[in-house]
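Thanks for coming. I will take one chain and go through it piece by piece, with the structure on the screen.

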Amino acid sequence: AQLLALHGPNLDLLGSREPGYYGHTTLAAIDAVLRGEAERAGHALSTFQSSAEHALIERIHAARHEGVAGIVFNPAGYTHTSVALRDALLAVAIPFVEVHLSNPQAREPFRRHSYFSDIAVGTVAGFGAESYRLGLLGLLAHLARAA
Ligand code: DQA
């Protein structure tokens with residue numbers, strides 16, 4: 001199947017951004033691990049990062065036309081603000097796993113609410129870059145069950 005890893009705002013700065021929360025792994029390294037893991041399981045994975053809400057929404061719309069079967073999504077700051085991104089995922093009805101490097105539940109109160117958790121297949125948070133790989137494995141297991 002075709003899969004998509006989608007990264008929200010400021011995640012292009014991974015590697016140098018608040019390493020206490022987000023570690024030293026770059027987004028390119030995370031994407032490479034995800035691509036390798038997907039290919040090992042016989043799938044293909046494309047990746048996209050943007051800090052712009054509209055670009056993320058348009059990438060989600062395009063995913064429907066591409067027949068993307070599942071999305072690993074770190075909405076980053078939009079986790080806590082974006083009704084529009086939530087609506088985009090509901091519109092295309094593509095199963096997705098929500099991932100976070102940090103554990104938002106253990107941080108400021110405004111990070112405790114997510115616009116995505118209740119419509120996600122599941123959420124993985126708090127394991128640094130490893131959250132993405134675990135999220136992808138969860139997504140693959142979900143797709144295998146659904147097939
Ligand atoms: C994040 C957590 C969010 O609260 C924050 O705004 C981010 C990154 C994470 O991966 O831990 O930008 O999604």
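With its C-beta neighbours inside 10 Å counted, is Asp31 buried, exposed or partly exposed? Asp31 counts as partly exposed, because it has 18 C-beta neighbours inside that distance, and 20 are needed for a residue to be buried. Keep in mind that this is a predicted model. Asp31 is found in helix α2, residues 27-40. Leaving aside neighbours within four places in sequence, Asp31 is in contact with Ala5 and Thr47. Ala125 is 94 residues away from Asp31 in sequence, and the two C-alpha atoms are 17 Å apart in space.

Now the chain as a whole. There are five helices and five strands. Read from the N terminus, the order is β-α-α-β-α-β-α-β-β-α. The radius of gyration is 14 Å, close to the 15 Å from the globule rule for 147 residues, so the chain is as compact as a globular protein of that length. Along the principal axes, the C-alpha atoms fill a box of roughly 40 × 30 × 25 Å. Of the 147 residues, 34% count as buried. If we take the contacts with a separation of 6 or more, 75% of them join residues 24 or more positions apart.

Back to α2. This helix has 14 residues, and from its first C-alpha to its last it reaches 20 Å, close to the 20 Å expected at 1.5 Å a residue. The buried residues in α2 are Leu27, Ile30, Leu34 and Ala38. They cover an arc of only 65 degrees around the axis, which puts them on the same side of α2. The cover over those buried residues includes the strands β1 (2-7), β2 (44-49) and β3 (70-74), and also the helix α5 (130-146). On the other side of α2 we have Ala32, Gly36, Glu39 and Arg40, which are exposed. After α2 comes Gly42, with a positive phi near 85 degrees.

Next, α3, residues 53-66. Its 14 residues should span 20 Å at 1.5 Å a residue, and the end C-alpha atoms are 20 Å apart, which agrees. Which residues of α3 are buried? They are Leu56, Ile60 and Ala63. Seen down the axis of α3, these fall within an arc of 50 degrees, so they line one face of the helix. Among the elements covering them are β1, β3 and α4. The other side of α3 has the exposed residues His54, Ala55, His61 and His65. Just after α3, Gly67 takes a positive phi of about 75 degrees.

The third helix to look at is α4, residues 83-92, where Leu85, Ala88 and Leu89 are buried. Their arc, seen down the axis of α4, is within 95 degrees, so they line one face of the helix. They pack against α3 and against β4, residues 96-100. Turned away from that buried side is a face with the exposed residues Val83, Leu90 and Ala91.

On to the backbone. Most residues other than glycine have a negative phi. Where does the chain have a positive phi in a residue that is not a glycine? One of these places is Ala93, with a phi of about 55 degrees. Ala93 follows α4 and lies in the loop between α4 and β4. With 8 other C-beta atoms within 10 Å, Ala93 is exposed. Ala76 also has a positive phi without being a glycine, here near 50 degrees. The loop that holds Ala76 is the one between β3 and α4. Ala76 counts as partly exposed, because it has 19 C-beta neighbours inside 10 Å.

Ala76 also brings us to the ligand. Which residues surround the ligand? Ala76 is one of them, and the others are Asn10, Asn74, Gly77, Thr79, His100, Leu101, Ser102, Pro104 and Arg111. By type, this shell divides into three nonpolar residues, six polar and one charged. Two strand ends appear in that list: Asn74 is where β3 ends, and His100 is where β4 ends.

To finish, two points to take away. In α2, α3 and α4 the buried residues lie on one side of the helix. Ala76 combines a positive phi with a place in the shell around the ligand. I will leave the structure up for discussion.

Conventions: Residues numbered from 1 in each chain as written. Predicted model: local features only at pLDDT ≥ 70, side-chain atom pairs only at ≥ 80, totals over all residues. Near = placed C-beta within 6 Å. Nonpolar A, V, L, I, M, F, W, Y, C, P; charged D, E, K, R; others polar. Buried ≥ 20, exposed ≤ 12 C-beta atoms within 10 Å, placed from the backbone. Helix = DSSP H or I, 4+ residues; strand = E, 2+ residues; numbered from the N terminus. Arc of directions from axis to C-beta. Contact = placed C-beta atoms within 7 Å. Rg over C-alpha atoms; globule rule 2.2 N^0.38 Å. Expected span 1.5 Å × (residues − 1).
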